[in-house]
Amino acid sequence: MNIAPDCASAVDEAITSRESIRAFLPTPVPRAVIEQILAIAARAPSGTNTQPWNVHVLTGGAKDELSRKILAAYDDPEEASTHREEYAYYPTEWRSPFIERRRKIGWDLYGLLKIGKGDKARMHDQHGRNYQFFDAPVGLVFTIDRVMQQGSWLDYGMFLQNIMVAARARGLDTCPQAAFTQFHRIVMEHVGAPAGHMLVCGMSLGHADPNAIENTLVTEREPVAAFTRFHE
């Protein structure tokens, strides 16, 4: 199937303009637009067409109540210590160059927000903004059936990317958030997910606040030559 040349530039723009937005405007996103984005995203490939994704869309009071529940636990050190992720998103042993990249984006973000090294209170508050979906009008929660294995998680990543790209094509922004996984018990109970499911991540969806300094963060990417070898 041939694709018009202008389509390539539109797709490229949607991909390259995608950023993890950490401050949103309260502008509502119509339900029809959310449904359209999810329908497009569902064209993601999956092994033998298993389509392992399940999505919970939270807006209004449902979103605010989830934020309230999580923040109550997050702000209580004793309670927070009883919550653990079900899967390791990050490595247990950090090595170069990954640790340097992780540190750089952290300090770049905190630098923009003028959060100094050792300012644990402000770091805590900034991380807690995750659980408010960075004030986005739409919060998405993604779950997967526990019977699915690693291949389905790869499929899930492509589905999530499709959501973010389709959102950009419609002038919207997103922030994928693994931060929710620590409080999976609260999240799963709140959305009424089946006992056989586990939390993959959350995501904020809405219109980026153009005046928020944190939204000026530009992350670096390695050039193709740094991560690619051509075999002929």
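Here is a quick briefing on the fold, cores, salt bridges and surface of this chain. Keep in mind that the model is predicted. The chain carries nine helices and four strands. Its radius of gyration is 18 Å, close to the 17 Å that the globule rule gives for 232 residues, so the chain is as compact as a globular protein of that length.

**Overall layout**

- Reading from the N terminus, the elements come in the order α-α-β-α-α-α-α-β-α-β-α-β-α.
- The C-alpha trace spans about 55 × 40 × 40 Å along its principal axes.
- Of the 232 residues in the chain, 39% are buried.
- Take the contacts with a separation of 6 or more: 83% of them come from residues 24 or more positions apart.
- About 14,000 Å² of the chain is exposed, and carbon and sulfur atoms supply 54% of that area.

**Nonpolar cores**

- The largest nonpolar core has 25 residues. Those with the most contacts inside it are F142, Y156, F159, L160, I163 and M203.
- At least two residues of this core come from each of α2 (31–41), β2, α7 and β4. The biggest giver is α7, with seven residues.
- F159 is a handy residue to click on: leaving out residues up to four places away in sequence, F159 touches L38, A41, A42, A44, W53, V55 and F142.
- Another core, of 23 residues, lies apart from the largest one, and its members include F24, F133, A179 and V191.

**Helix α8**

- Helix α8 covers residues 184–191, and H184, I186, V187, M188 and V191 are buried there.
- Those buried residues pack against two strands listed with their ranges or names as β1 (54–58) and β2, and also against α3 (60–74) and β4.
- Right after α8 comes G192, with a positive phi near 70°.

**N54 in strand β1**

- N54 sits in strand β1. With a relative accessible area of 28%, N54 is partly exposed.
- Not counting residues up to four places away in sequence, N54 touches V141, F142, T143, I144, D145, Y156 and H197.
- For a contrast in position, look at G128: N54 and G128 are 74 residues apart along the chain, and their C-alpha atoms are separated by 25 Å.

**Salt bridges**

- The structure holds nine salt bridges, and a few of them are picked out below.
- K63 and D64 pair up through their side chains, at 3.5 Å from N to O. K63 counts as buried, because its relative accessibility is 7% and the cut-off is under 20%. D64, at 46%, is partly exposed.
- E86 and R146 form a salt bridge whose closest N and O atoms are 2.9 Å apart. E86 lies in the loop between α4 (77–80) and α5 (98–112), while R146 lies in the loop between β2 (138–145) and α7 (150–169), so the pair ties together parts that are 60 residues apart in sequence. Both ends are partly exposed: E86 has 35% relative accessibility, and R146 has a relative accessible area of 39%.
- K104 and E220 meet in a salt bridge too, at 3.4 Å from N to O. K104 belongs to helix α5 and E220 to the loop between β4 (197–206) and α9, so this pair ties together parts that are 116 residues apart in sequence.
- How exposed are the two partners, K104 and E220? K104 is partly exposed at 36% relative accessibility, whereas E220 is exposed, with a relative accessible area of 59%.
- K104 and E220 are not on their own, as D108 is linked with them in a network of salt bridges.

**Surface patch by α9**

- V224, F227 and F230 make up a nonpolar patch on the surface, and together they have about 400 Å² of accessible area.
- F230 is found in the segment after α9 (224–227). F230 counts as exposed because its relative accessible area is 70%, and the cut-off for that label is over 50%.

Notes
Residues numbered from 1 in each chain as written. Predicted model: local features only at pLDDT ≥ 70, side-chain atom pairs only at ≥ 80, totals over all residues. Heavy atoms only, no water. Patch = residues over 30% accessible without salt bridge, like charges linked within 9 Å, V, L, I, M, F, W, Y side chains within 5 Å. Areas by Shrake-Rupley, 256 points an atom, 1.4 Å probe, with all protein chains shown as cover. Salt bridge = Lys/Arg side-chain N within 4 Å of Asp/Glu carboxyl O. Buried < 20%, exposed > 50% of the residue type's maximum accessible area, 1.4 Å probe, protein only. Contact = heavy atoms within 4.5 Å. Core = buried A, V, L, I, M, F, W, Y, C linked by side-chain atoms within 4.5 Å. Rg over C-alpha atoms; globule rule 2.2 N^0.38 Å.
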